[in-house]
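Me: Please take a close look at the salt bridge in this protein. I would like the residues involved, their place in the fold and their exposure, in one connected answer.

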Amino acid sequence: MNFIKLAEVTVSTDKNGAPSFGWGSEFLGGNVQDLVPKIINVLLFVVGAVSVIMIIVGGLMYTLSAGDPSNTKKAKDTILYAIIGLVVALAAGAIVAFARGQFK
């Protein structure tokens, strides 16, 4: 990746009048309407990965709790909150995708 080229930003408009940025990067290049879904997808991937890791951690905590009620409750809460976080993140992604489709 050429970091010097990333510093050379050119702003223009496409045929529809939307701003278009020439950033010298395939990921960041293009107009704003193309950049927003890419950022959302990356954030959803990160949230999904963290949720899966926390579910695994909660499962390990549950397995290693040795029947102690307080440790078992902590493990169950960790799994529950990870699943709730994943559902909220997926719902947010769906809402954003729906809104983008309505206002195109």
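Reply: This is a predicted model. Before the close look, some context for the whole chain: among contacts in the protein with a separation of 6 or more, 27% join residues 24 or more positions apart. The protein has three helices and three strands, and from the N terminus on these elements follow the order α-β-β-β-α-α. Of its 104 residues, 15% count as buried. The exposed area is about 7600 Å², with carbon and sulfur atoms supplying 72% of it.

Now the part in question. The count of salt bridges comes to one, and the pair that forms it is Lys73 and Asp77. Their closest N and O atoms are 3.0 Å apart, which meets the criterion because a side-chain nitrogen of Lys has to lie within 4 Å of a carboxyl oxygen of Asp. Both residues belong to helix 3, which covers residues 69-102. They are four residues apart there, about one turn of the helix.

The two partners fall into separate exposure classes. Lys73 has a relative accessible area of 52%, so it counts as exposed, the cut-off being over 50%. Asp77, at 22% relative accessibility, counts as partly exposed, because buried would require a value under 20%.

One further distance places Lys73 relative to another part of the chain. Met61 is 12 residues from Lys73 along the chain, and the C-alpha atoms of these two residues are separated by 9.7 Å.

In short, the salt bridge joins Lys73 to Asp77, with both residues in helix 3.

Note on methods
Residues are numbered from 1 along each chain as its sequence is written. This is a predicted model: local features need pLDDT of at least 70, side-chain atom pairs count only at pLDDT 80 or more; totals for chains, interfaces and linings use all residues. Side-chain values use heavy atoms; hydrogens and water are left out. Helices (H or I, at least four residues) and strands (E, at least two) are DSSP runs, numbered from the N terminus. Buried means under 20% relative accessible area, exposed over 50%, partly exposed in between (1.4 Å probe, protein chains only). Contact means heavy atoms within 4.5 Å. Accessible areas come from the Shrake-Rupley method with a 1.4 Å probe; for residues, only the protein chains shown count as cover.
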